[in-house]
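Work through the strand pairing in the structure below. Each exercise is followed by its solution.

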Amino acid sequence: MMRKTSSRLLTATAAGVLSIGLLAGCTGEDDPAPEASVEASTEADAGDEAPAQDVTELSYAGEDGQTALDLLLVHDPEAEVSGEGEMAFVTAIKGHAAEDGAEFWAFYVDGEMAQVGAGSFETEDGQQIQWKLEEIE
């Protein structure tokens, strides 16, 4: 049993290191990728599987003339969105879908919850855009 757990931990660690190495190797000197930070929580799955990482936050810098939604899709091309433009509603980021009726993806600008939709909010250089998975109360 100890060997099985140790080998799973080693496999998960190796996969993480490989992912970081691949991401670091994909950026070129001439065209650096925009910086973003991702916060993940580790939760144990039922059964014998290795712990899963659930992304609960994503942050990136604003850019003049770009909407918060445009930049989200740059940092996570797989993000799921329903609707378009001003009516866009983000339903999943980094593979983590908000639980219908219980959670939602909220976006913040410089630490304050935005008062408009991500598709209509034009960011500015120097602003900090942050997405957080929040519970519906």
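The model is predicted.

**Exercise 1.** Find the bridge partner of I93 in β5, then describe how β4 and β5 are connected.

*Solution.* Start with the residue pair: I93 is bridged to H96 in β5. Next, take the strands. β5 covers residues 96-97 and runs antiparallel to β4, with two bridges joining them. Finally, look at the link. β4 and β5 form a hairpin with two residues between the strands. In this hairpin K94 has a positive phi near 50°.

**Exercise 2.** Determine the sense in which β3 and β4 pair, and over how many bridges.

*Solution.* Locate the strands first: β3 spans residues 80-82 and β4 spans residues 89-93. Their pairing is antiparallel, over three bridges. One bridge places S82 opposite F89 of β4. The two strands make a hairpin, with six residues between them. G83 lies in the turn and shows a positive phi of about 80°.

**Exercise 3.** Which order do the three strands take in the sheet, and why is one side of β3 and of β5 without a neighbour there?

*Solution.* The order is β3-β4-β5, in an open sheet with antiparallel pairing. β3 and β5 are the edge strands, and each has a single partner strand, so one side of each lacks a neighbour in the sheet.

Methods:
Residues are numbered from 1 along each chain as its sequence is written. This is a predicted model: local features need pLDDT of at least 70, side-chain atom pairs count only at pLDDT 80 or more; totals for chains, interfaces and linings use all residues. Side-chain values use heavy atoms; hydrogens and water are left out. Two strands pair if DSSP finds at least two bridges between them. Helices (H or I, at least four residues) and strands (E, at least two) are DSSP runs, numbered from the N terminus.
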